[in-house]
Amino acid sequence: VLTLLSSCLSRFGVDFVSKSASALPWSLFFAMRCAIVTYFMISLRAGAGHFFAYYISIVLTQLSAEGIAYCVSAFAADPQQAGAMAPVFMVTAMLFCGYLVELSSIPVWLRWISYFSFIRYGFALAMQNEFEDRYLGVPCTAAGDFCPQTGDDVLNYYGLTDVPYYANFLALMALAVGLRLLAYMA
């Protein structure tokens, strides 16, 4: 973004949109490569629909992360400052996604930050795709252990039943587009 701003050869908006559009095929390619390797190595839920839902969750999560990088570079004065600011946003997204730290253990006055965590929505999409409406039949070995019988038990355990699949999808889409728009306006 800083390079585009310093260039006076063409309009910034055209450069920004063309750079974003030209990078999209590579983003899709690398996300597909990642999806193919991880999906089949982990033996996730069988079916083309589930595979492409997983792929879309990876693509949208990646585009949202790129949007944060665009915003950070747009607001930073130089590349060194952008490099110092980016981890703050990424670590915050990781802490408030509900995966590393349960959202119920975060103070109420800080929970609103979780709504801006792209990782939260990507994690929810992947988990709902894998476990929703699925029978697991895990044998219970010891009393008191978490022993899910259905995928919905797993989703309830992680607190991923309050937001439906399509809402997580729309939230990630809004973050991916909104962050790029914010970077463009900066």
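**Exercise 1. Identify the contacts of Asn129 beyond its neighbours within four places in sequence, and describe its setting.**

Solution.
Step 1. With neighbours within four places in sequence set aside, Asn129 is in contact with Arg45, His50, Ala53, Tyr54 and Tyr165. The model from which these contacts are computed is a predicted one.
Step 2. Asn129 belongs to helix α5.
Step 3. The relative accessible area of Asn129 is 7%. Buried means under 20%, so Asn129 is buried.

**Exercise 2. Determine how far helix α5 is enclosed, and by which elements it is covered.**

Solution.
Step 1. Count the buried residues: 12 of the 14 residues of α5 fall in this class. They are Phe118, Arg120, Tyr121, Gly122, Phe123, Ala124, Leu125, Met127, Gln128, Asn129, Glu130 and Phe131.
Step 2. Because 12 of its 14 residues are buried, α5 is largely enclosed by the rest of the structure.
Step 3. Find the cover: α3, α4, α6 and α7 are included in what lies over the buried residues of α5.
Step 4. Check the geometry of the helix. The end C-alpha atoms of α5 are 20 Å apart, which agrees with the 20 Å that its 14 residues should span at 1.5 Å a residue.

**Exercise 3. Which residues other than glycine have a positive phi, and where do they lie?**

Solution.
Step 1. Recall the background: most residues other than glycine have a negative phi.
Step 2. Take Ser43. Its phi is positive, about 60 degrees, although it is not a glycine. Ser43 is in the loop between α2 (12-42) and α3. With a relative accessible area of 58%, Ser43 is exposed.
Step 3. Take Asp133. This residue, also not a glycine, has a positive phi near 55 degrees. Asp133 follows α5 and lies in the loop between α5 and α6 (151-157). Its relative accessible area is 63%. Exposed means over 50%, so Asp133 is exposed.

**Exercise 4. Characterise helix α4 from its N-terminal cap to Leu95.**

Solution.
Step 1. At the N-terminal end, Asp78 caps α4: one of its side-chain oxygens is 3.2 Å from the backbone nitrogen of Gln80.
Step 2. Compare the spans. The 17 residues of α4 reach 25 Å from first C-alpha to last, close to the 24 Å expected at 1.5 Å a residue.
Step 3. Turn to Leu95, which is in helix α4. Its relative accessible area of 40% makes Leu95 partly exposed.
Step 4. List its contacts. Apart from neighbours within four places in sequence, Leu95 is in contact with Val101 and Ile106.
Step 5. Add a distance. Leu95 and Gly49 are 46 residues apart along the chain, and their C-alpha atoms are separated by 30 Å.

**Exercise 5. Describe the two largest pockets by volume, lining and residue class.**

Solution.
Step 1. Begin with the principle: rolling a probe the size of a water molecule over the atoms shows where empty space is left.
Step 2. The largest pocket holds about 450 Å³ of space. It is lined by 21 residues, of which Gly98, Leu103, Tyr158, Gly159 and Leu160 are the closest to its centre.
Step 3. Assign this lining to elements: helix α5 (residues 118-131) gives the most to it, with five residues. By class, the lining of the largest pocket has 11 nonpolar, six polar and four charged residues.
Step 4. The second largest pocket holds about 310 Å³. Among its 16 lining residues, Ile68, Cys71, Phe89, Phe116 and Leu179 are the closest to the centre.
Step 5. Two or more residues of the lining of the second largest pocket come from each of α3 (48-75), α4 (79-95) and α7 (165-185). The classes in this lining are 14 nonpolar, two polar and no charged.

**Exercise 6. Summarise the fold: how many helices and strands are there in the protein?**

Solution.
Step 1. The protein has seven helices and zero strands, in the order α-α-α-α-α-α-α along the sequence.
Step 2. Its C-alpha trace spans about 65 × 40 × 25 Å along the principal axes.
Step 3. Of the 186 residues in the protein, 35% are buried.
Step 4. Among contacts between residues at least 6 apart in sequence, 57% join residues at least 24 apart.

How values were computed: Residues numbered from 1 in each chain as written. Predicted model: local features only at pLDDT ≥ 70, side-chain atom pairs only at ≥ 80, totals over all residues. Heavy atoms only, no water. 1 Å grid on protein atoms, 1.4 Å probe; cavity = no way out; pocket = protein on both sides within 12 Å on 5 of 7 lines; lining within 4 Å. Points joined across faces, edges and corners; volume = space filled by probe spheres on them. Helix = DSSP H or I, 4+ residues; strand = E, 2+ residues; numbered from the N terminus. Nonpolar A, V, L, I, M, F, W, Y, C, P; charged D, E, K, R; others polar. Expected span 1.5 Å × (residues − 1). Polar contact = N/O pair within 3.5 Å; in protein donor to acceptor, adjacent residues only side chain to side chain. Buried < 20%, exposed > 50% of the residue type's maximum accessible area, 1.4 Å probe, protein only. Contact = heavy atoms within 4.5 Å.
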